[in-house]
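Biologist: Please take one part of this model and describe it closely. Then work outward from there to its surroundings.

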Amino acid sequence: MTNHTNHGGRPGVLAALVGLGAALTGLVGWRALQRATADRALLPTGRALITGASSGIGEKFARRLATMGFDLTLVARREERLRALADELVGVYGIQVDVLAADLAREEDIARVSRAVEAQPDLVLLINNAGFGTRGSFTEVALERHLDMIRVHDVASVALTWSALPRMVERGRGAVINVSSIAAFFPSGGGSTYTATKAYLNNFSEALAAELQGTGVKVQALCPGFTYSEFHETSEYEGFDRGHIPAGLWMSAEQVVDESLAALSGDNVIVVPGRRYQAMVGAINSPMRGIIRNTARAVRRRWNPDR
Ligand SMILES: NC(=O)c1ccc[n+]([C@@H]2O[C@H](COP(=O)([O-])OP(=O)(O)OC[C@H]3O[C@@H](n4cnc5c(N)ncnc54)[C@H](OP(=O)(O)O)[C@@H]3O)[C@@H](O)[C@H]2O)c1
């Protein structure tokens, strides 16, 4: 039975976890090792399709994969951003880059991107990354926003994965990365649909990975914590102050991408970037879980008051 006992705010525990993580991440050459592992993980290359490639984590995936020689298909709504990125990557790396403007909250656009996936015989990597957050309690947020979120995070990811997998399995090679969130582990007020859609991605990825064992195709649920990107710059996050979150909890999108790609050479389906967040997730199933959940809730309240 899950323990929901309120142990009150314990900022000392969070500080201890952050300190522990800082010490571990200080290991010499750790990032360089991750990059080298990432480079080995998927070679030889092919085409990668990335949703939400117009900014943040998706854009960093595109840049990183371009350095590794992948051809790319970039998907998002802001077509001009995608075109500028495509022009830059083609110019610098001589790869092929396709741009597909699509709103993944619309069923017809999901179907159009699915058809594009099916039409790409060289697709070896699908990254379901597009996403957004909302602020406010469940009923304060318009129903259509909840449903949009379910479509962008889950319906699109399921549809694109369904379209991509047969060819990957046939070739005995490929990977699907579903960009989830650390929030999947911490259901809390003010983000009910967000945490639920991300928990779905974790569960979906684990089940699919089990089903695909021995096929040469990998599935990953990537669960970042607070990451510098445009996620907290949308109209929904107006007034959001990054300073309300402890500095040690922020990660760069580059770190998230490097840890994700490096992990493809291993067997972990659930990938949590950053030692601090790994420690928190590890503690969820320990006797400390009440403290960890309440600390996470306290952090969340800093940017989502009244929750
Ligand atoms: N940043 C964080 O702290 C954090 C933490 C955990 C998980 N994540 C997850 O990481 C993923 C990437 O987010 P990010 O941090 O990189 O934020 P971001 O910079 O805001 O990027 C979000 C991307 O998703 C695209 N997108 C949003 N709605 C879309 C729609 N309806 N149709 C198509 N594309 C859409 C955006 O492109 P357009 O606006 O051009 O459509 C953008 O390219 C998301 O799934 C998010 O939940 C982020």
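Modeller: Strand 5 (174-179) is mostly covered, with 6 of its 6 residues buried. Buried here means that 20 or more other C-beta atoms, placed from the backbone, lie within 10 Å of the residue's own; 12 or fewer would make it exposed, and anything in between partly exposed. Strands (E, at least two residues) and helices (H or I, at least four) are DSSP runs, numbered from the N terminus. Residue numbers start from 1 along each chain as its sequence is written. The model is predicted, so local features need pLDDT of at least 70 and side-chain atom pairs count only at pLDDT 80 or more, whereas totals for chains, interfaces and linings use all residues.

Both faces of strand 5 are covered: Gly174, Val176 and Asn178 are buried on one side, and Ala175, Ile177 and Val179 on the other. Strand 5 runs parallel to strand 4 (123-128), and 4 bridges join the two. In this pairing, Asn178 of strand 5 faces Asn128. Between these strands the chain passes through helix 6, in a right-handed β-α-β crossover; right-handed means that, with the strands pointing away from the viewer, the path from the first strand over the helix to the second runs clockwise. Strand 5 is also parallel to strand 6 (217-222), here with 6 bridges. Gly174 has Val217 of strand 6 as its bridge partner. Helix 7 (192-211) carries the chain from strand 5 to strand 6, and that β-α-β crossover is right-handed too.

Strands count as paired if DSSP finds at least two bridges between them. The parallel pairing gives an open sheet of 7 strands in the order 3-2-1-4-5-6-7. Strand 3 and strand 7 (270-271) are its edges, each pairing on one side only. Toward the strand 3 edge, strand 1 and strand 2 run parallel and share 5 bridges. Thr73 of strand 2 is the bridge partner of Leu49, and Thr73 also stands opposite Asp98 in strand 3. Strand 2 (residues 71-76) and strand 3 (residues 97-101) are parallel, joined by 5 bridges. With helix 4 (residues 79-93) between them, they make a right-handed β-α-β unit.

Helix 6 deserves its own description. At 1.5 Å a residue, its 29 residues should span 42 Å, and the end C-alpha atoms are 41 Å apart, which agrees; the expected span is 1.5 Å times one less than the number of residues. Helix 6 nevertheless has a kink of about 35°, centred on Arg151; the bend is the angle between axes fitted to the seven residues ending there and the seven starting there. Its buried residues include Arg151, His153, Leu160 and Met168. Strand 5 is one of the elements that cover the buried residues of helix 6, and helix 5 (107-118) is another. Just after helix 6, Gly172 takes a positive phi of about 70°.

As for the interior, the largest nonpolar core has 70 residues, and Ala48, Ile50, Ala62, Leu72 and Leu74 have the most contacts inside it. Helix 6 (residues 143-171) gives the most to this core, with 7 residues. Such a core is a set of buried Ala, Val, Leu, Ile, Met, Phe, Trp, Tyr and Cys residues joined through C-beta atoms within 7 Å. Beyond four places in sequence, the contacts of Leu74 include Ile50, Ala62, Leu85 and Val99; a contact means that C-beta atoms, placed from the backbone, lie within 7 Å.

Note on methods
Contact = placed C-beta atoms within 7 Å.
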